[in-house]
Amino acid sequence: MKYKSVWVFHVDSGSCNGCDIEILDVLTPYYDVERFGIKLVGSPRHADALLVSGPLTRQTYYAVKAVYEAMPPKPRIVVAIGTCASSGGIFYNGYPIYNPTKDRGRDRLRTGGIEVLLQEYGTKPDLYIPGCPPSPEEILYGLSLLLGIKEKKMKGERWTASPPGREEGVPFRLPVRPVNERIYLTLREELRRVIGYFDRKLVLEEFLRMVEEAEKSENPRETLHSLIQGFLKKERDCRIRFAMQFLEKEYWRIRDEYERRHVGLVKVEVP
């Protein structure tokens, strides 16, 4: 749907004010967003669109919800400006972020933006303008898409990698791992909280090597436990020992949880 003009109301749901500054910059005479028919209003009751910046925090949840419900039923457009409003950004799993889902930080690795609130109404943001923060030009481009002034530049394409000297493309493939990609990403994310970004890769690779060896046995759970106990006797760093014990516990917990919820964990060949 294309609009001739859109009245917008801006709400800060918990941002660092970086995106807010860029939004204000768009409203200045230098960029003059009003020439496109976009006008900032002082009440959500007069707004066609809601510009949201920042992750959705526990304290702002009820205020943002009240603002959203105060808007007219139609068209009730929601524009998520910035990475935090789009996905929670780096704060997605922080304590002050409002995210009641049971899969927080596990199955859905990036939630915490305005979409958490909109799920209650069975909808999602109409437009995402990612960036930390997005530049005024990017905000203008996103709003021009909303108005139908510009056509979308990015379209669905299949990218391939061509070896030197060959014209035909070779499709990209996901790396082969002994566990499902869903479990791998969850373990990597959980391990960051225990040991940090720098050491988690080597620790996780060593753990996956033992998982691969244990899966070849008749009793993978007992075999993996024996392998980890042998590793702990040789390892002197207490941090790595704790991380390995943590991985063993989390690995079986996640597997049991996914099996209980009937989440598919079968490896899929990527063409």
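**A walk from helix H7 to the parallel sheet**

Leu204 is a residue of helix H7, which spans residues 197-214. This is a predicted model, and in it Leu204 has a relative accessibility of 3%, so this residue counts as buried. Setting aside neighbours within four places in sequence, the contacts of Leu204 are Tyr184, Leu187, Arg188, Leu191 and Leu247. Met244 is 40 residues away from Leu204 in sequence, yet the two C-alpha atoms are 8.2 Å apart in space.

Met244 also belongs to a helix pair. Helix H8 (residues 220-234) packs against helix H9 (residues 238-260), with an angle of about 170 degrees and axes 10 Å apart. Angles over 145 degrees count as roughly antiparallel, and H8 and H9 are therefore roughly antiparallel to each other. On the H8 side the contact is made by Pro220, Arg221, Leu224, His225, Ile228, Phe231 and Leu232. H9 contributes Ile240, Arg241, Met244, Gln245, Glu248, Tyr251, Trp252 and Asp256. Sorted by class, the residues of this contact are nine nonpolar, two polar and four charged.

The protein as a whole has nine helices and seven strands. Of its 271 residues, 42% are buried. Among contacts between residues at least 6 apart in sequence, 72% join residues at least 24 apart.

The next element to look at is a sheet. Five strands form an open sheet with parallel pairing, in the order S2-S1-S3-S4-S5. Its edge strands are S2 (38-40) and S5, each of which pairs on one side only. On average, neighbouring strands of the sheet are turned by 30 degrees against each other, ignoring direction.

Starting from the S2 edge, strand S1 (residues 6-12) runs parallel to S2 and is joined to it by three bridges. Trp7 stands opposite Lys39 of S2. Further across the sheet, strand S3 (residues 49-53) pairs with S4 in the parallel sense over five bridges. Leu51 has Val79 as its bridge partner in S4. S3 and S4 also belong, together with helix H2 (residues 61-70), to a right-handed β-α-β unit. On towards the other edge, S4 and strand S5 (residues 127-129) pair in the parallel sense over three bridges. Here Ile81 stands opposite Ile129 of S5.

How many of the residues of strand S4 are buried? In S4 (residues 77-81), five of the five residues are buried, so the strand is largely enclosed by the rest of the structure. Both of its faces are covered. Ile77, Val79 and Ile81 are buried on one side, and Val78 and Ala80 are buried on the other. Val79 and Ile81 thus appear both among these buried residues and in the strand pairings, Val79 with Leu51 and Ile81 with Ile129.

Ala80 and Ile129 lead to another residue that contacts both. Ser86 lies in helix H3 (residues 83-87). Not counting residues up to four places away in sequence, Ser86 touches Ala80, Glu115, Tyr128, Ile129 and Pro130. At 15% relative accessibility, Ser86 falls under the 20% limit and counts as buried.

The last element is helix H1. H1 lies across S1, S2, S3 and S4, and runs at about 140 degrees to S3. Buried residues of H1 are Gly18, Cys19, Asp20, Glu22, Ile23 and Val26. What covers them includes S1, S3, S4 and H5.

How does H1 meet H5? The general description of such a pair rests on the angle between the two helix axes and the distance between the axes. H1 (residues 18-27) packs against helix H5 (residues 136-147) at an angle of about 70 degrees, with the axes 9 Å apart. Because of that angle, H1 is roughly perpendicular to H5. Glu22, Ile23, Asp25 and Val26 of H1 make the contact with Pro136, Ile139 and Leu140 of H5. These residues divide into five nonpolar, no polar and two charged. Among the H1 residues of this contact, Glu22, Ile23 and Val26 are also listed as buried.

Conventions. Residues numbered from 1 in each chain as written. Predicted model: local features only at pLDDT ≥ 70, side-chain atom pairs only at ≥ 80, totals over all residues. Heavy atoms only, no water. Axes fitted to C-alpha atoms, helices over the stretch in contact; angles between N-to-C directions. Helix = DSSP H or I, 4+ residues; strand = E, 2+ residues; numbered from the N terminus. Parallel < 35°, antiparallel > 145°, perpendicular 65-115°, else oblique. Contact = heavy atoms within 4.5 Å. Nonpolar A, V, L, I, M, F, W, Y, C, P; charged D, E, K, R; others polar. Buried < 20%, exposed > 50% of the residue type's maximum accessible area, 1.4 Å probe, protein only. Pairing = 2+ DSSP bridges. Right-handed = clockwise from strand over helix to strand, strands pointing away.
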